[in-house]
Amino acid sequence: MEGAAVDRRSDAPAVNAPMLNLRDITKRFGATQALEGVSLTLRAGRVHALLGENGAGKSTLIKIMTGVHQPDHGEMLLAGRPLRLASAAEAQRHGIAAIYQEPLLFPDLNVAENIFISHQDRGAVTNWRQMFRRAEEILASLGVALDVRSPARGLTLAAQQSVEIAKAISLNVRVLIMDEPTASLSSHEVAQLFKLVRDLREKDVAILFVSHRMEEVFEIADDVTVFRDGRLISTRPRAEVTPQRAIADMVGREMGLLQPRSPAKLGEKLLSVRGLGRDGAFEDVSFDLRRGEVLGFAGLIGAGRTDVGLALFGIEPATSGQIVLDGRAVTIRSPRQAMALGIAYSSEDRRQLGLSLPMSIATNITLPVLSRYLNWLGLVRTGMERATAEAFRRRLAIRTPSVDIAVSKLSGGNQQKVMLSKWLNTHPALLILDEPTRGIDVGAKAEVHAIIGELAAEGIGIIMISSDLPEVLAMSDRVLVMREGRQMAVLDRDGADQESVMAAAMGQSTARQPSGAEA
Amino acid sequence: MIAAAFARLRGWEGLLLALLVVIVVVNMAHSPYYLGVGNIINLFQLEIEKIIVALMMTLIIINGEIDLSVASVMGMSACVMAWSFRAGVPLPWAMLAAMASGVAAGLINGFWIAYVGLPSLAVTLAGLIGYRGVARILVQDRAIGDYPGWFNALGQQGLVGPLTLSIIIFLAMFAVLGLVLHGAALGRLVYVIGNNLQAARYSGVRVRRVKMTLFVASAVVAALAGLLYAARLGSVRGDMAQGFELDIITIVLLGGVSIFGGSGNLLGVGLSILVILNLRNGMGLADITGNTQTSVIGALLILSVLAPNIAQAIHIRWKGRET
């Protein structure tokens, strides 16, 4: 330990010397190419911002840098020396630390214990006095006033972040990765955090800063790198980047095979939502939906889109605002009630929330309306049940040898079709589809898109929540963009393109005013 | 159908069936009267209250919950009856009061579990202590006996041929619960909730109502079993049926019902009942003491937890050899 510290001081890097080099890093997970040929240099005393949509490969990169995953190809150099990380503990020993949006503290341990939690060289007996003193020293060097003897429970999020940073400093941090550290902080707390980041920069720490908040990136970063679909698209000094340019890099993807859906004839107004909100999740969401219309919900993960869906389906009921369905004001308190009103919600999480995996296809499809399939004794009419399942199997081309096999045995695309069948069988007027094509292959995706188009043509009003921007743009008649629980814009088909949607999702003001709820 | 039946026999139920055959054959070697009607009736009668409660416990555990309070509800029910009877209430009314105490216990359990959302392990552990407390307060340690003759006869004598009322109730419940669990909407929901409670909720299943129904039914069945037990013994004490809950849960788990919920069936539990009854009886015939009997059943229970894993390992090996 002593020797290592001396060693570090002796080859202390000159300002702006490369600290961590990543060369040609490639990582696959099954069929998914998470990272492809990524080369990135983090320099001592510089804050390097990483931008990209959800799924662009940022998280995978962080996991490789912190030893959670090992790259398939490529190498890492730390201060010029080859670096192989077999575990997160090893990364910490090399002075690579990460802090996350939600601090990972032990609530019942005190602040000092949390700071030194990774030090396993304390010996058999803890020298409490020394530990408290050193903890105080570290916090003082950060300019943070905290009682090191009080438990971590009850600290504000900002204070918890400070403890996380102190923890990193106690490990003689050389590379600090900050993964959306500001997402849960107030603006005052963000200012405090940025002061700490600047101090660390003065101390020649190389910092990787991941954030979805464009203004913060441009306030704190020295360099800006953009990722898209597992590739590094651009790395530039901040002075040479504008927010518009960064967004263009983030979304500059070909539309690929996605054909824009030909819009259906819109029917009368089905749903009207005004000022809808749920405490702590989202607020002031207002929109209209007509029969036969597909309203896309765009935004980054955590923007509150799913929460709106859950409120409309009664799983997490809204706490404010009005819902008018078919001209009637309604309050929705439970899924049962929502289903009775003709609302269906197909969850983003097929495996945990959407389907009962060990049960058969037929069982899953009839579950929400099982009472329709009972005889006078209350027994399930399995013949009728299978007939329904067979009908959907043909209609949606579910590929399975039988409707009696467990849903867990199906591919993701076919599971998605079973989930669609399940909700179509409730004959909904309003269908909320949450990430309807997540994790399914290209062919199945096209099929699901075709089905959505048919359903709209039949006059069902559809809310499609999707993080897949080209999909949202291809399928939607209008796009509602959310960010951090707020509605940012409602864009018409003609006014919505990748740049305008992403700009709204990242909080960049656009030329276009939110067109509001009035249709 | 036949293939499915075979597949089932290769699994845990098959193992239980094989075990049962071995036990019965060994027992027959010990005693030529083993398979006589008298002995079989006796076999069932000795544990009849436990196996009645075990049937309802099967649904509770498949649903992903547990009811530790059943034995205490049995005791409370019997004590409510005994206490009321001694206070001068006619016996039929005293029995009705006992059943009402069961309904109350079920509603209390169900309220905390289904509507407040507390874990059933904690709630019914509290019930185990609380309902037993009621039983002890009402009757204390002195036995209350001297019931009308018809009551004792109900517990001890054949009602239809050699079949006692308890055995008839057991058989009827086995048939009805089998139909409910494997054919009715309620049974379907019991499995769905046991598999994945959140998915059930997201499908609009009334999870609370199902759980409430099960816990009330469990306590009512336990209360009935308490009365049958009192009728069979002819007297009631505050510590009646104490500790039965563990034997009951053992029967269910040995029947191949997953303690994590979502899987298992009534056929397995039926076989498990036969295995345990015959095993205890056989060991009794061979002069093996009660403590040893309990150890053997404990070992069986551990085996039942391990068996699915072992079976799967063998299955994978077998498949590997074919390809």
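Helices, at least four residues long, are DSSP runs of H or I numbered from the N terminus, and by that reckoning B:Ala122 is found in helix 7 (residues 120-139) of chain B. The model described here is predicted, and the points below deal with its two chains, A and B, beginning with the domains of chain A and the contact between the chains. Chain A is divided into domain 1 (12-103 + 173-251) and domain 2 (269-505), and a nonpolar core of 251 residues, the largest one, has residues of both chains among those with the most contacts inside it.

**Domains of chain A**

- The C-alpha centres of domain 1 and domain 2 of chain A lie 35 Å apart, and the contact between these domains takes six residues from domain 1 of chain A and eight residues from domain 2 of chain A.
- On the side of domain 1 of chain A that touches domain 2 of chain A, four residues are nonpolar and two are polar, while no charged residues are found there.

**Contact between the chains**

- Where chain A and chain B meet, 21 residues come from chain A and 17 residues from chain B.
- Helix 11 (335-340) and helix 12 (350-354) of chain A each supply at least two residues of the side of chain A that touches chain B.
- Sorted by class, this side of chain A has 13 nonpolar residues, seven polar residues and one charged residue.

**The largest nonpolar core**

- The residues with the most contacts inside the core of 251 residues are A:Val481, B:Met74 and B:Ala78, and the element that gives the most to this core is helix 12 (residues 207-233) of chain B, with 16 residues.
- Because domain 1 (12-103 + 173-251) and domain 2 (269-505) of chain A both give residues to this core, the core lies between them.
- In soluble globular proteins, nonpolar side chains tend to be buried together.
- Leaving aside residues up to four places away in sequence, A:Val481 touches A:Ala298, A:Gly299, A:Met488, A:Ala489, A:Leu491, A:Val501, A:Ala504 and A:Ala505.

**A six-stranded sheet in chain A and the helices across it**

- Six strands of chain A form an open sheet with mixed pairing, in the order 6-7-8-3-9-10; its edge strands, each of which pairs on one side only, are strand 6 (96-100) and strand 10 (231-237) of chain A.
- Ignoring direction, neighbouring strands of this sheet are turned by 20° against each other on average.
- Strand 6 of chain A pairs with strand 7 (residues 175-179) of chain A in the parallel sense, over five bridges, and within this part of the sheet A:Ile99 has A:Met178, in strand 7 of chain A, as its bridge partner.
- Helix 2 (residues 58-65) of chain A lies across strand 3 (47-51), strand 6, strand 7, strand 8 (206-210) and strand 9 (223-228) of chain A, and runs at about 150° to strand 7 of chain A.
- Helix 6 (residues 157-170) of chain A lies across strand 6 and strand 7 of chain A, and runs at about 175° to strand 6 of chain A.

**Antiparallel pairs around strand 4 of chain A**

- Strand 1 (residues 18-29) and strand 4 (residues 73-78) of chain A run antiparallel and are joined by five bridges, with A:Arg23 standing opposite A:Glu75 of strand 4 of chain A.
- Strand 4 of chain A is also joined by three bridges to strand 5 (residues 81-83) of chain A, again in an antiparallel arrangement, and here A:Met76 stands opposite A:Leu83 of strand 5 of chain A.
- The hairpin of strand 4 and strand 5 of chain A has two residues between the strands, and in this hairpin A:Ala79 takes a positive phi near 50°.

**Positive phi angles in loops**

- Most residues other than glycine have a negative phi.
- A:Asp326, although not a glycine, has a positive phi of about 55°, and its place is in the loop between strand 14 (320-325) and strand 15 (328-330) of chain A.
- A:Asp326 has 15 other C-beta atoms within 10 Å and is therefore partly exposed.
- B:Asp146, likewise not a glycine, has a positive phi of about 60° and is found in the loop between helix 7 and helix 8 (149-156) of chain B.
- B:Asp146 counts as exposed because it has 10 C-beta neighbours inside 10 Å.

**B:Ala122 in helix 7 of chain B**

- A residue is exposed if 12 or fewer other C-beta atoms lie within 10 Å of its own, so B:Ala122, with 12 C-beta neighbours inside 10 Å, counts as exposed.
- B:Ala122 and B:Asp67 are 55 residues apart along the chain, and their C-alpha atoms are separated by 9.5 Å.

How values were computed
Residues are numbered from 1 along each chain as its sequence is written. Chains are lettered from A and ligands numbered from 1 in the order in which they are written. This is a predicted model: local features need pLDDT of at least 70, side-chain atom pairs count only at pLDDT 80 or more; totals for chains, interfaces and linings use all residues. Two residues are in contact if their C-beta atoms, placed from the backbone, lie within 7 Å. Ala, Val, Leu, Ile, Met, Phe, Trp, Tyr, Cys and Pro count as nonpolar, Asp, Glu, Lys and Arg as charged, and the others, Gly among them, as polar. A nonpolar core is a set of buried Ala, Val, Leu, Ile, Met, Phe, Trp, Tyr and Cys residues joined through C-beta atoms within 7 Å. A residue is buried if 20 or more other C-beta atoms lie within 10 Å of its own, exposed if 12 or fewer, and partly exposed in between; C-beta atoms are placed from the backbone. Domain bounds come from an automatic or database domain assignment. Two strands pair if DSSP finds at least two bridges between them. Axes are lines fitted to C-alpha atoms, for helices over the stretch in contact, and angles run from 0 to 180 degrees between N-to-C directions.
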